[in-house]
Amino acid sequence: MTIKTFQYKSAFKLESGKKLRSLDIAYHTYGKLNKDKSNVIWVCHALTANSDVFDWWAGLFGKNDLFNPKDYFIVCANVIGSHYGTTSPLSINSVTGLPYYLAFPEFTIRDLVAANELLADALEIEDIEMLIGGSLGGQQALEWSIIAPERIKNLVLIASNAKHSPWGIAFNESQRLAITTDRTFYGNAKNGGAKGLRAARSIALLSYRSYQSYDITQQEKDAKKRSDFNAAAYQRYQGDKLLKRFNAYSYYYLTKAMDSHNVARGRNSVKEALNLVKANTLVIGIKNDLLFPIEEQQFLARNINSAQLVEIDSFYGHDGFLIETGVLTQHLAAFIKKDSIKLDSKILKIA
Ligand SMILES: CC(=O)SCCNC(=O)CCNC(=O)[C@H](O)C(C)(C)COP(=O)(O)OP(=O)(O)OC[C@H]1O[C@@H](n2cnc3c(N)ncnc32)[C@H](O)[C@@H]1OP(=O)(O)O
Ligand SMILES: N[C@@H](CCO)C(=O)O
């Protein structure tokens, strides 16, 4: 599928009150909208992914996967701030004729949702049969289900939360400290903050993985080694890998958006906000997720009406939501089947 762009030519007002003069939203669709428009699966992506869900979530989304273009009309939009086609700090600021870089306004998870709402309206999608997202994608999916409870029929939240935790914010701030320690970040240039971004990804990896995953994959065979360890090379490699496909400005702003996530803002309390969700909901947690601990998933399932909880094992930790497509497929297929029964009571299922 090729990438498409929806151009919103009016001013796009952010939650902060600041405005983007216009907004481009890059998106992918797969399959066809059926006659009664009841087959929409909408995916919200996480921090550094893009709208090509068949690429980064293959095994769950693809021609022969559970979510396939034969049965569903699948939509995924690139989020504001990410440089995979949607307006971002690398886009041209029409006031100056130069890329925004650090002149880009800060934005929140609610702004990402507002962009999704614009695109859904433009595509003439009324109901979303299933909205699914993990991590930052789950934060968007949850907010969207609160903002538009009638539109979202079924909701799948994976390794996410209702409010970004002090622990999560501390991880993000540590990554931003790494980026801003690289003085080139303030040079407002395409590769500004590159070395900082490399260090930021190394910090982030520690929260996305687990002790076990390093223990299994990065063990040393040579007991005589005193330096040049596998785990160290892996950290550098992962930093370089991100550098090749991402930029420090998008990363900086997107981690800020993640920190902003709090469904209680302007809505009295987290519980009252969660009570606004009308969708049948499946919460999937990863038992050894360090960044979005299982307690956050249990909290979501306890406080969203008609919610089920599934807890899965993944030696990866948090990033298991991207990798464990086999087990995710099993639980999602079961959820889809049960869907016709209309869940009116909470079932807490610990798998
Ligand atoms: C345009 C785009 O590419 S965007 C789409 C890609 N990314 C996204 O969508 C974001 C979401 N995806 C991700 O975060 C990641 O891709 C994940 C979590 C799904 C998987 O992470 P991976 O890095 O592939 O897996 P893993 O942690 O096992 O690392 C494997 C890599 O580390 C390398 N590696 C492993 N150990 C070492 C070591 N000791 N030293 C050096 N390199 C090492 C492997 O050779 C492998 O390299 P490769 O990716 O070039 O094949
Ligand atoms: N590994 C994910 C972030 C974890 O939610 C990404 O790079 O998008």
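This short talk goes through two helix contacts, one cavity and one pocket in a predicted model.

Let me begin with α4 and α8, since α4 will come back when we turn to the cavity. The helix α4 covers residues 166–181, and α8 covers residues 248–259, with the two axes coming within 10 Å and crossing at roughly 160°. An angle over 145 degrees counts as roughly antiparallel, and α4 and α8 are therefore roughly antiparallel to each other. The crossing in which α4 passes α8 is left-handed. On the α4 side the contact is made by Gly-168, Ile-169, Asn-172, Gln-175, Arg-176, Ile-179 and Thr-180, and on the α8 side by Ala-248, Tyr-251, Tyr-252, Thr-255, Lys-256, Met-258 and Asp-259. Sorted by class, the residues of this contact are six nonpolar, five polar and three charged.

That brings me to the enclosed space. How many cavities of 30 Å³ or more are there in this model? The count comes to one, and the space in the largest cavity is about 50 Å³. Its lining consists of Leu-47, Gly-168, Phe-171, Asn-172, Gln-175, Ala-204, Ser-207, Tyr-208, Met-258 and Leu-291. Two elements, α4 and α5 (194–208), give two or more residues each to that lining, and α4 has the largest share, with four residues. You may recognise some names here: Gly-168, Asn-172, Gln-175 and Met-258 line the cavity, and these residues also take part in the contact of α4 with α8. As for chemical character, the lining holds six nonpolar and four polar residues, and no charged ones.

From α5 we can move on to its partner α7, which spans residues 230–243; these helices pack with their axes 8 Å apart, at an angle of about 125°. That value falls between the 65 to 115 range for roughly perpendicular and the limit of 145 for roughly antiparallel, and α5 and α7 are therefore oblique to each other. Their crossing is right-handed. In α5 the residues involved are Ala-194, Leu-197, Arg-198, Arg-201, Ser-202, Leu-205 and Leu-206, and they meet Tyr-234, Gln-235, Arg-236, Gln-238, Gly-239, Asp-240, Leu-242 and Leu-243 in α7. This contact divides into seven nonpolar, four polar and four charged residues.

Finally, the open space. The largest pocket has a volume of about 610 Å³, and 23 residues line it, with Thr-48, Arg-201, Arg-245, Asp-319 and Leu-322 lying nearest its centre. Of these, Arg-201 has already appeared in the contact of α5 with α7. Which elements each supply at least two residues of the pocket lining? They are α1 (53–56), α5, α7 and α11 (320–323). By class, the pocket lining has 12 nonpolar, five polar and six charged residues, whereas the cavity lining has no charged residues.

Methods. Residues are numbered from 1 along each chain as its sequence is written. Chains are lettered from A and ligands numbered from 1 in the order in which they are written. This is a predicted model: local features need pLDDT of at least 70, side-chain atom pairs count only at pLDDT 80 or more; totals for chains, interfaces and linings use all residues. Side-chain values use heavy atoms; hydrogens and water are left out. On a 1 Å grid over the protein atoms alone, a cavity is a set of points where a 1.4 Å probe fits but cannot get out, and a pocket is an open set with protein on both sides within 12 Å along at least five of seven lines; lining residues have an atom within 4 Å of a point. Grid points are joined across faces, edges and corners, and a volume is the space filled by probe spheres set on the points. Ala, Val, Leu, Ile, Met, Phe, Trp, Tyr, Cys and Pro count as nonpolar, Asp, Glu, Lys and Arg as charged, and the others, Gly among them, as polar. Axes are lines fitted to C-alpha atoms, for helices over the stretch in contact, and angles run from 0 to 180 degrees between N-to-C directions. Angles under 35 degrees count as roughly parallel, over 145 as roughly antiparallel, 65 to 115 as roughly perpendicular and the rest as oblique. A crossing is left-handed if the near helix is turned anticlockwise from the far one by less than a right angle, and right-handed if clockwise. Contact means heavy atoms within 4.5 Å.
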